[in-house]
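Colleague: I would like a close look at a single part of this model. Please place that part in its surroundings as well.

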Amino acid sequence: DRLISQIAAGEVVERPASVVKELLENAIDAGASRISLRIEEGGVRRIVVADDGVGIPAAELPLAPLRHATSKIATLDELERVATLGFRGEALASIASVARLSVTSRTADAGHAWKLDAETGEIQPAAGARGTTIEVLDLYAATPARRKFLKAPATEAAHCLEALRRVALAHPDIGFEAVNDGRAVEPLPAGGWRERALAGLGDDYKSAHRLVDAEAGGLRLQGVLGAPTLNRARADRQFLYVNGRFVRDRLLGYAVRQAYSDMMHGDRHAAWVLHLWLDPSLVDANVHPAKTEVRFRDASAVRSFVFHAVQDALREAHR
Ligand code: ADP
Ligand code: MG
């Protein structure tokens, strides 16, 4: 079963940032209002995610890292709808197969926390407030072939923080903190989507941005459009969410770029955060929830809406 998990792990925990993403999404599923992330040596040495969510009852704690153990699916119908972000109890099992995993958790009615060592399956009383802390040590230590594919710690750390930013942009109501090799990263206090989007784009956009908030034909686009900049480091700060889920979509990205094109003289780059909301039935749900692709029933209508909404918002800026 460990081998099967290691194979599954290839998909779920490709690199430290994928572990970070899974742990953050679990914390969100648990209803956390504050989440903290700590990484060491690009996450390879250590990843800790702590939340103040509902916690895991002591009796269920040993089950959490087992394959297909999930508390989130009651019926097959629900499985098909994939109501929560998690997907069928793969993540913790996969992580446990390629790292040393421990889970410390306390529910509201428990007198104290319990800590599970996933390797031995032992649980023991522990200190801690309500919520869950998951610690992942020595990622890929037992699978050197995978470890070989990792980039330098600084690069893996950047990917981990990027994963945090992606999740945080979708959840402005949750406060996030992060520490990278002992250094605190700019915290993201709970707030509205505008403040969160600006925090995600970077300080230099505090005044140099436009808001977009448009609605037409059942489609809604909200977001922050950064003014074009010569700062190359901002070129990758482009975040698109569809119904709250981070996606990559080449054609929508292209539509946004086209809308910016009047302003893009010289070697300029644009950073932006856009949230597209539409009836879920207009999006193909059969795309694997861990993937970042999306399929629209009417892609050209969506593209045209996004193009015009962004162009209008940018043009208003010129008046
Ligand atoms: P999934 O998220 O698909 O259910 P995971 O492997 O990610 O699968 O997690 C397994 C189970 O462990 C979850 O269903 C949940 O019951 C529990 N769990 C994991 N992380 C947390 C957390 N941060 N807070 C509360 N429960 C958690
Ligand atoms: Mg999960």
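What follows is about one helix and what it packs against. Which residues of α6 are buried?

Modeller: First, the ground rules. The model is predicted: local features need pLDDT of at least 70, side-chain atom pairs count only at pLDDT 80 or more, and totals for chains, interfaces and linings use all residues. Residues are numbered from 1 along each chain as its sequence is written, while chains are lettered from A and ligands numbered from 1 in the order in which they are written.

Now the frame. The chain has nine helices and 13 strands (DSSP runs numbered from the N terminus: H or I over at least four residues for a helix, E over at least two for a strand). It holds 319 residues, and 38% of them count as buried. Buried means 20 or more other C-beta atoms within 10 Å of the residue's own; exposed means 12 or fewer; partly exposed is in between; C-beta atoms are placed from the backbone. Among contacts (C-beta atoms, placed from the backbone, within 7 Å) with a separation of 6 or more, 68% link residues 24 or more positions apart.

Helix α6 covers residues 153-170. Its 18 residues should span 26 Å at 1.5 Å a residue, and the end C-alpha atoms are 26 Å apart, so the two values agree (the expected span is 1.5 Å times one less than the number of residues). Its buried residues are E156, A157, H159, C160, L161, A163, L164, R165, V167, A168, L169 and A170.

Next, the core around α6. The largest nonpolar core has 80 residues (buried Ala, Val, Leu, Ile, Met, Phe, Trp, Tyr and Cys residues joined through C-beta atoms within 7 Å). Helix α6 gives nine of these residues, the largest share. The core takes at least three residues from each of domain 1 (2-188) and domain 2 (203-318), with bounds from an automatic or database domain assignment. L164 of α6 is one of the residues with the most contacts inside the core, along with V20, V49, I95 and V306. In general, nonpolar side chains tend to be buried together in soluble globular proteins.

Follow V20 and you come back to α6. Leaving aside neighbours within four places in sequence, V20 is in contact with C160, A163 and L164, and also with L37, G43 and I47. A second link runs through E25, which is in helix α2 (residues 16-29). E25 counts as buried because it has 22 C-beta neighbours inside 10 Å. E25 and V167 are 142 residues apart in sequence, yet 7.7 Å apart C-alpha to C-alpha.

Then the sheet that α6 crosses. Helix α6 lies across β11 (238-242), β12 and β13 (272-277), at about 45° to β11 (axes are lines fitted to C-alpha atoms, for helices over the stretch in contact; angles run from 0 to 180 degrees between N-to-C directions). These strands belong to an open sheet of five, ordered β9-β10-β13-β11-β12, with mixed pairing (strands pair if DSSP finds at least two bridges between them). Its edge strands, each paired on one side only, are β9 (209-216) and β12 (245-247). Neighbouring strands are turned by 20° on average, direction ignored. Strands β9 and β10 (residues 219-226) run antiparallel, joined by eight bridges; one pair sets L211 against V224.

The other sheet holds β1 and β2. Eight strands form this open, mixed sheet, in the order β5-β4-β3-β6-β2-β1-β7-β8. Its edges are β5 (122-126) and β8 (183-188), and the twist averages 15° from one strand to the next. Helix α2 packs on this sheet, touching β1, β2 and β6 (131-137), at about 15° to β2.

Strand β1 (residues 34-40) is two-faced: I35, L37 and I39 are covered, while R34, S36, R38 and E40 are uncovered. On one partner, β7 (residues 175-180), the pairing is parallel over six bridges, with S36 opposite E177. On β2 (residues 46-51), it is antiparallel, again over six bridges, with R38 opposite V48.

The β1-β2 hairpin has five residues between its strands, and E41 there takes a positive phi near 50°. E41 counts as partly exposed because it has 16 C-beta neighbours inside 10 Å.

How values were computed. Contact = placed C-beta atoms within 7 Å.
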